[in-house]
Amino acid sequence: MKQLGILFTRAPHGTPRGREALDLALLSASYDIPTRLFFCGDGVYQLLKGQTPGSIEGRDYIATFKALPLYDVEEIWVCAASLTERGLSRDDLLMAVDVADETHFAQELNRTEQVLTF
């Protein structure tokens, strides 16, 4: 079975893209499709701790990221440069992830057979 990669490139709550990407990850993993997640650019904000989307009348789907291990989604890659550019570190994130430099991040992304970008 082909491996699916889901690339998060947008900040949460401005569009439904983040929620849709997370729903796809959970759905594909529930059908035993090997699923890997990648976060770069403003997509790193998807994993930021302490978000309060209710204050902008947004749906709080961010906590659902914590359910990913229950679906055997354990490969979660974050671009180190994207974190640094935004003044963030691994400690600012909601969960444990693999933080990779740009080269390693690109290698892992290229190693994935199918990639959908959100």
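The following conversation goes through a predicted model, from its sheet to its helices, aromatic rings and nonpolar cores.

User: Let's start with the sheet. How many strands are there, and in what order?

Analyst: The model is predicted, and it contains an open sheet of five strands in the order 4-3-2-1-5, with parallel pairing.

User: Which ones are the edge strands?

Analyst: They are strand 4 (98-100) and strand 5 (114-117), each of which pairs on one side only. From one strand to the next, the twist averages 25°.

User: And how many bridges join strand 1 and strand 2?

Analyst: Strand 1 (residues 4-8) pairs with strand 2 in the parallel sense over five bridges. Within this pairing, Phe-8 has Phe-39 of strand 2 as its bridge partner.

User: Changing topic: which strands does helix 1 lie across?

Analyst: Helix 1 (residues 17-30) lies across strand 1, strand 2 and strand 5, and it runs at about 165° to strand 1. Helix 3 (residues 102-110) also packs on the sheet, where it touches strand 1, strand 2, strand 3, strand 4 and strand 5. The direction of helix 3 makes about 140° with that of strand 3.

User: How many residues does helix 1 have, and how far does it reach?

Analyst: It has 14 residues and reaches 20 Å from its first C-alpha to its last, close to the 20 Å expected at 1.5 Å a residue. After helix 1 comes Asp-32, which has a positive phi near 60°.

User: Which residues of helix 1 are buried?

Analyst: The buried residues are Gly-18, Ala-21, Leu-22, Ala-25, Leu-26, Ser-28 and Ala-29. Strand 1 and strand 2 are included in what covers them.

User: Why does Ser-28 count as buried?

Analyst: Its relative accessibility is 5%, and buried means under 20%, so Ser-28 falls in that class. Leaving aside residues up to four places away in sequence, Ser-28 touches Leu-4, Ile-33 and Thr-35.

User: Now the aromatic rings. How many pairs are there?

Analyst: The whole structure holds four aromatic pairs. In one of them, Phe-39 and Phe-65, the ring centres are 5.9 Å apart and the planes stand at 65°, so the pair is edge-to-face.

User: Where in the chain do those two residues sit?

Analyst: Phe-39 belongs to strand 2 (residues 35-39), while Phe-65 is in the loop between strand 2 and strand 3 (75-79). The two are 26 residues apart, and their pair links distant parts of the chain. Both Phe-39 and Phe-65 are buried, and together with Phe-8 they form one aromatic cluster.

User: What about the largest nonpolar core? Which residues touch the most other members?

Analyst: This core has 26 residues, and those touching the most other members are Leu-37, Phe-39, Leu-47, Phe-65 and Leu-68. Helix 1 gives the most to this core, with five residues. Another core, of nine residues, lies apart from it and includes Leu-7, Cys-40, Cys-79 and Leu-109.

User: What does Leu-47 touch?

Analyst: Not counting residues up to four places away in sequence, its contacts include Phe-39, Phe-65, Ile-76 and Val-78.

User: One last residue: is Gly-41 buried or partly exposed?

Analyst: Gly-41 is partly exposed, with a relative accessible area of 21%. This residue is found in the loop between strand 2 and strand 3. Apart from residues up to four places away in sequence, Gly-41 touches Thr-9, Ser-82 and Arg-86.

Methods
Residues are numbered from 1 along each chain as its sequence is written. This is a predicted model: local features need pLDDT of at least 70, side-chain atom pairs count only at pLDDT 80 or more; totals for chains, interfaces and linings use all residues. Side-chain values use heavy atoms; hydrogens and water are left out. Rings of Phe, Tyr and Trp (its six-membered ring) pair if their centres lie within 6.5 Å; planes under 30 degrees apart count as stacked, over 60 as edge-to-face and the rest as tilted. Helices (H or I, at least four residues) and strands (E, at least two) are DSSP runs, numbered from the N terminus. Buried means under 20% relative accessible area, exposed over 50%, partly exposed in between (1.4 Å probe, protein chains only). Contact means heavy atoms within 4.5 Å. Two strands pair if DSSP finds at least two bridges between them. Axes are lines fitted to C-alpha atoms, for helices over the stretch in contact, and angles run from 0 to 180 degrees between N-to-C directions. The expected span of a helix is 1.5 Å times one less than its number of residues. A nonpolar core is a set of buried Ala, Val, Leu, Ile, Met, Phe, Trp, Tyr and Cys residues joined through side-chain atoms within 4.5 Å.
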